[in-house]
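Work through these short exercises with the structure in view. Try each task before reading its solution.

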Number of protein chains: 2
Amino acid sequence: MGFPTEILKKRMDFFKEQLRNSGVKLTHQRMEIFREVAMSEEHPDAEKIYRRVRKRLPSISLDTVYRTLWSLLDLGLISTLGPPRKTVRFDANMDSHHHYVCTKCGMTRDFYSKKLDRLRIRESESILETVQRTQVEVKGICVRCSRKMQLKNRFSREEK
Amino acid sequence: MGFPTEILKKRMDFFKEQLRNSGVKLTHQRMEIFREVAMSEEHPDAEKIYRRVRKRLPSISLDTVYRTLWSLLDLGLISTLGPPRKTVRFDANMDSHHHYVCTKCGMTRDFYSKKLDRLRIRESESILETVQRTQVEVKGICVRCSRKMQLKNRFSREEK
DNA sequence: TTTGGTGCAAACCGTTTGCATCGCT
DNA sequence: AGCGATGCAAACGGTTTGCACCAAA
């Protein structure tokens, strides 16, 4: 195995370009951290990325990894899995349903759709042994966060 | 507003039955904690559940809330949002893709589907202001966890 | 009465922050 | 030289655990 070279190259080029455009410095650390995420198949967490990057940059620290990942997120170069949450959230609705999710604040609301319930995905490629359920996540920015961001933008425009 | 009475009743009845069947004691605390999750529209976290339950049971402690929630999860009475994770996980694949997710260990793998990409959900009921993307999560038990559980079951059978 | 359930406090661990230093541009 | 980026260590906050007490069957 090994990660497809062209895809990795494409991602690295985009990464460099985005950093340049946004005035964020291109450092070793950022480069290696992004490379690690970009060539991973398994959506690693910060600790795992840290351990791997440290093989090439032994003096890097975990908090640089965190800071870098959050910047990359702001720049739209990576995303996080699921809603952003530092807390586990619970759901007592065991009927088949789907979710609207705000990627900013994590707000989540159920919705129902007979059509979506009928979704059947092709065989799970022997990754999952048994499938429990198939759920659609519609991700976006909720009304409240949207308003907040507009306000913020207005202020920062006025500051200039 | 207010939560539909029939649905809540149905959930409470199922809850009591499941506790009875599994030999887990039905205590005030468990009752109030489950009720709180069952009648919530917003997928609260442990802290929020704790604050609400405390209004009725002022002496309850946060760790009882946690312990209860994990038991309810084991009993299949509630679920958690997204893969169970104590760490944030990152994804540098910004192309449209979907996920296989193991609900036990959180293992997540990408898959692609032109057909699913074409999914268009009906208007988001003014909950989301703007939709960024629609992603399908196929949830189940991965091969590795499945094997582990089989082993465990075999042992516990032998213990008797 | 017995045993699982609960409350308390302390431990744990992932993540964040303040600050002094480093090293690109 | 200047200033953003980094490393270190300490703080933070959500979650878990050990233990003694309590209460339901």
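**Exercise 1.** Which element gives the largest share of the surface near DNA strand C?

Solution. Note that this is a predicted model.
- Start with the surroundings: 19 residues surround DNA strand C. Among the closest are A:Tyr66, A:Trp70 and B:Thr27.
- Next, list the elements that supply at least two residues each: H4 of chain A, plus helix H2 (28–38) and H4 of chain B.
- The largest share, five residues, comes from H4(A).

**Exercise 2.** Find which parts of DNA strand C the side chains of A:Arg67, B:Gln29 and B:Arg30 approach.

Solution.
- A:Arg67 has a polar side-chain atom 3.5 Å from a base oxygen.
- B:Gln29 places a polar side-chain atom 3.2 Å from a sugar or linking oxygen.
- B:Arg30 has a side-chain N or O atom 2.9 Å from a phosphate oxygen.

**Exercise 3.** Describe how the protein meets DNA strand D.

Solution.
- Count the residues around the strand: there are 19, and A:Thr27, A:Asp63, A:Thr64, B:Tyr66 and B:Trp70 come nearest.
- Sort the surface by class: six residues are nonpolar, six polar and seven charged.
- Look at the strand's atoms within 4 Å of the protein: 72% belong to sugar or phosphate, the rest to bases.
- Check the phosphate contacts. The side chain of A:Thr27 has an N or O atom 2.6 Å from a phosphate oxygen. A polar backbone atom of A:Ser61 lies 3.2 Å from a phosphate oxygen.
- Turn to the bases: a polar side-chain atom of A:Asp63 is 2.8 Å from a base nitrogen.
- Finish with the largest share of this surface: H4(B) gives five residues.

Key
Residues are numbered from 1 along each chain as its sequence is written. Chains are lettered from A and ligands numbered from 1 in the order in which they are written. This is a predicted model: local features need pLDDT of at least 70, side-chain atom pairs count only at pLDDT 80 or more; totals for chains, interfaces and linings use all residues. Side-chain values use heavy atoms; hydrogens and water are left out. A residue is near a molecule or strand if one of its heavy atoms lies within 4 Å of it. A polar contact is a pair of N or O atoms within 3.5 Å; within protein, one must be able to donate a hydrogen and the other to accept it, and residues adjacent in sequence count only if both atoms are side-chain atoms. Helices (H or I, at least four residues) and strands (E, at least two) are DSSP runs, numbered from the N terminus. Ala, Val, Leu, Ile, Met, Phe, Trp, Tyr, Cys and Pro count as nonpolar, Asp, Glu, Lys and Arg as charged, and the others, Gly among them, as polar.
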